[in-house]
Amino acid sequence: MDKIPTGFTLRSAYLVRITLNSDVYCADDFRLTEIMYSTPLVAMGKCVGELSAGYLKDFSDSGELLADEIKLLDTIALRIAKSVVEHQ
């Protein structure tokens with residue numbers, strides 16, 4: 001979890017949650033916010049979870065994550081899904 005924020009614009013204000021099957025990985029203070037992006041974890045054509053991330057408050061003019069941040073989260077989701085397949 002500590003590796004994910006390195007690509008975020010404001011690392012001190014991010015929230016991340018990984019849901020994998022019935023397990024949830026996040027900080028105790030995680031909560032859904034207005035600026036949130038979620039991407040599915042797909043392994044062998046099956047959705048096995050979700051990666052969600054966002055900011056505690058609106059730091060952008062658009063009220064959305066930056067395109068590079070979304071690309072980073074999608075890439076991380078693919079790597080997590082690949083790891084799931086490799087460990088089955």
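**View 1. Strand 4 is mostly covered, with seven of its ten residues buried.** Keep in mind as you explore that this is a predicted model. Strand 4 has strand 1 as a partner: the two run antiparallel and are joined by seven bridges. To find one of the paired positions, look for Leu20, whose bridge partner in strand 4 is Gly49.

**View 2. Strand 3 and strand 4 make a hairpin.** Two residues lie between these strands, and Met44 in the turn has a positive phi of about 55°. Nine bridges pair strand 3 with strand 4 in the antiparallel sense. Along the way you can spot Tyr37, which stands opposite Ala53 of strand 4.

**View 3. Helix 1 has its buried residues along one face.** This helix covers residues 67–86. At 1.5 Å a residue, its 20 residues should span 28 Å, and the end C-alpha atoms are 29 Å apart, which agrees. Which residues of helix 1 are buried? They are Glu69, Leu73, Ile76, Ala77, Ile80, Ala81 and Val84. Seen down the helix axis, these buried residues fall within an arc of 135°, so they line one face. On the other side, the exposed residues are Ala67, Asp68, Lys71, Leu78, Arg79, Lys82 and Glu86.

**View 4. Strands help to cover the buried residues of helix 1.** The cover includes strand 1 (14–20), strand 3 (35–43) and strand 4 (46–55). Now pick out Glu69, which sits in helix 1. Is Glu69 buried or exposed? Its relative accessibility is 2%, so Glu69 counts as buried. Glu69 and Ala53 are 16 residues apart in sequence, and their C-alpha atoms are 9.5 Å apart in space.

Note on methods:
Residues numbered from 1 in each chain as written. Predicted model: local features only at pLDDT ≥ 70, side-chain atom pairs only at ≥ 80, totals over all residues. Heavy atoms only, no water. Helix = DSSP H or I, 4+ residues; strand = E, 2+ residues; numbered from the N terminus. Expected span 1.5 Å × (residues − 1). Buried < 20%, exposed > 50% of the residue type's maximum accessible area, 1.4 Å probe, protein only. Arc of directions from axis to C-beta. Contact = heavy atoms within 4.5 Å. Pairing = 2+ DSSP bridges.
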